[in-house]
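Let's take a friendly walk through a protein model, starting with the whole chain and then stopping at a few places along the way. Keep the picture in view as you read.

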Amino acid sequence: MLDLRYVVDHLEPVRARLARRGGAYGPLLEEIAGFAAERRTAIIESERIARELNDATAAMAKIADKKSPDFAAAREKNRALGDQRKVFELQQAQAEASIAERLQSLPNEPDDSAPDGLDEEHNVEVKRWGTVPTMDFAPKDHYDLGVALGILDFERAVKLSGPRFAVLWGQGALLERALISFMLDMHTREHGYTELCTPYLVKDSALFGTGNLPKFADQLFRIATSDERTYDLYLIPTAEVPVTNLHADEILADEQLPRKYTAFTPCFRAEAGAAGRDTKGMIRQHQFDKIELVRLERPEDSDAAHETLTRHAEQVLERLGLHYRRVLLCAGDMGFSAKKTYDIEVWLPGQQKFREISSCSNFGDFQARRAGLKYRPADDGKGKAKPRLLHTINGSALAVGRTLVAVLEQYQQADGSVIVPEALRPYCGGLERITPRR
RNA sequence: GGAGGAGUGGCCGAGUGGUUGAAGGCAGCGGUCUUGAAAACCGCCGUACCGGGAACGGUACCAGGGGUUCGAAUCCCUUCUCCUCCGCCA
């Protein structure tokens with residue numbers, strides 16, 4: 001969420017920046033400015049009366065005889081003041097509701113470094129690592145490979161849960177587990193992240209904090225409530241949600257920064273509107289495993305932290321020897337809450353193209369404002385520093401299912417077996433090659 | 001699921017309708033003292049919003065929401081959370 005005062009004081013630049021995302025936000029911004037003016041006059045009036053009322057009430061407390069005519073007169077006067085005040089309070093509340101509804105629907109401002117463009121055609125490749133694996137045979141995709149090896153089972157998943165699920169068998173399940181441990185060990189031991197194990201069900205307030213609600217409810221699985229509960233629970237679409245909200249409504253001390261967290265969780269996505277896209281295989285599932293990195297940073301450190309975090313994600317692929325590229329998303333292709341995003345795309349020989357395996361974003365203070373993530377700067381001078389909003393940065397490091405897909409496809413052999421990347425072998429009991437399940 | 005109890009500032013803890021944003025203590029910050037440290041003493045020490053260039057002034061907040069009242073941390077309703085006992089259970 002953008003700051004109300006900032007928006008009102010910078011209507012035109014905000015409109016111009018948001019326009020780069022492809023929407024016409026001018027009318028909405030004008031409405032916000034109008035309601036902001038209404039809100040302000042209502043507050044001024046309501047507070048003026050409140051002060052008068054407080055003074056009068058204090059005076060009444062000093063009248064000894066509560067049955068005197070003076071007391072009765074004062075009571076009547078205050079009653080009238082109270083009624084007046086309610087009118088302005090109601091005005092204020094209505095204006096604020098109107099503002100909130102509109103402000104919440106505004107996406108974050110794209111960073112100046114995000115290129116122009118409205119779709120992925122305009123994303124900019126900024127680096128490429130490794131080379132396309134050489135194969136003197138026609139590479140299969142992970143679906144054919146996995147099913148032939150007996151490690152991926154989509155038919156039985158349909159029986160259990162419908163489309164967009166998978167069952168992993170034997171060495172497939174082992175590989176998934178190995179990837180999880182490998183990535184977590186790397187981020188905790190080498191990159192200094194603190195591992196968290198979080199709830200997979202969260203309240204709507206957490207989803208509001210990251211920007212998933214109220215706008216993107218159709219992407220979420222909501223858990224039906226029994227009538228004992230007054231709030232709904234949702235399956236997390238990413239660990240970003242519980243981890244980013246971990247310190248919601250706290251004011252962290254300067255010396256606690258930066259916070260660097262990593263978490264493994266399954267992720268659940270409704271994939272509404274994705275009908276027909278990636279219907280085959282494990283690329284787009286209702287449930288998938290992911291290792292997430294989340295950082296809470298001082299504003300002045302967030303750009304550098306974003307670069308560092310992106311490198312941490314890339315290093316997973318490098319350690320696994322997987323060919324990839326990094327892409328800087330254009331303004332129109334970024335998520336709602338992000339101001340700058342790098343996608344990491346891994347090469348899939350079966351599709352002969354790069355596919356997203358990680359998305360690393362700097363959100364500036366957009367999520368922090370929604371979630372109430374603040375810190376108190378170290379007071380260098382004599383002044384006691386006021387709390388400031390943090391910046392949030394996060395990225396997948398990595399999506400485990402898609403990593404499994406990439407390993408299968410890039411390490412496949414002519415005979416249909418798959419070599420296990422060296423870095424992974426300690427995590428699979430020394431397994432060197434995946435061969436058909438008997 | 002059944003029966004009780006409780007939610008006050010970073011922490012502990014007073015306060016049951018009238019200068020209480022809230023006593024006192026701890027922690028923290030600044031200072032005096034000290035070779036240094038400790039102790040002692042003095043001062044400071046919540047957040048958000050509104051006005052203001054600022055100094056500063058004002059309003060709101062005692063788990064959340066609603067109500068009663070001229071006036072609520074204090075009374076009423078409701079939701080949530082935590083604790084104790086019983087039941088069930090990975």
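**A tour of chain A**

Chain A holds 12 helices and 18 strands. Keep in mind that you are looking at a predicted model. Along its principal axes, the C-alpha trace of chain A spans about 100 × 45 × 45 Å. Of the 438 residues in chain A, 49% are buried. You can also ask how contacts connect places along the sequence: among those between residues at least 6 apart, 74% join residues at least 24 apart.

Our next stop is a pair of helices. Two packed helices are described by the angle between their axes and by the distance between those axes. Here, helix 2 covers residues 11–19 and helix 3 covers residues 26–62; they pack at an angle of about 150°, and their axes lie 10 Å apart. Angles over 145 degrees count as roughly antiparallel, so helix 2 and helix 3 are roughly antiparallel to each other. Their crossing is right-handed. Which residues make the contact between helix 2 and helix 3? From helix 2 come Leu11, Val14 and Arg15, while helix 3 brings Gly26, Leu29, Glu30 and Ala33. Sorted by class, this contact of helix 2 with helix 3 has four nonpolar residues, one polar residue and two charged ones.

Now move along the chain to helix 7, which runs through residues 170–190. This helix has 21 residues, and the distance from its first C-alpha to its last is 29 Å, close to the 30 Å expected at 1.5 Å a residue. Try finding its buried residues in the picture: among them are Gly172, Leu175, Glu176, Ala178 and Leu179. Further along helix 7, Phe182, Met183, Leu184, Asp185, Met186 and His187 are buried as well. What comes after helix 7? The helix is followed by glycine 192, whose phi is positive, near 80°.

The last stop is a single residue, alanine 399, found in strand 16, which covers residues 391–399. Is alanine 399 buried or exposed? Buried means under 20% relative accessible area, and alanine 399 has a relative accessibility of 10%, so this residue counts as buried. Leaving aside neighbours within four places in sequence, alanine 399 is in contact with Asp289, Lys290 and Ile357. For another landmark, look for arginine 259: alanine 399 and arginine 259 are 140 residues apart in sequence and 22 Å apart in space, C-alpha to C-alpha.

Definitions and conventions. Residues are numbered from 1 along each chain as its sequence is written. Chains are lettered from A and ligands numbered from 1 in the order in which they are written. This is a predicted model: local features need pLDDT of at least 70, side-chain atom pairs count only at pLDDT 80 or more; totals for chains, interfaces and linings use all residues. Side-chain values use heavy atoms; hydrogens and water are left out. Axes are lines fitted to C-alpha atoms, for helices over the stretch in contact, and angles run from 0 to 180 degrees between N-to-C directions. Helices (H or I, at least four residues) and strands (E, at least two) are DSSP runs, numbered from the N terminus. Angles under 35 degrees count as roughly parallel, over 145 as roughly antiparallel, 65 to 115 as roughly perpendicular and the rest as oblique. A crossing is left-handed if the near helix is turned anticlockwise from the far one by less than a right angle, and right-handed if clockwise. Contact means heavy atoms within 4.5 Å. Ala, Val, Leu, Ile, Met, Phe, Trp, Tyr, Cys and Pro count as nonpolar, Asp, Glu, Lys and Arg as charged, and the others, Gly among them, as polar. The expected span of a helix is 1.5 Å times one less than its number of residues. Buried means under 20% relative accessible area, exposed over 50%, partly exposed in between (1.4 Å probe, protein chains only).
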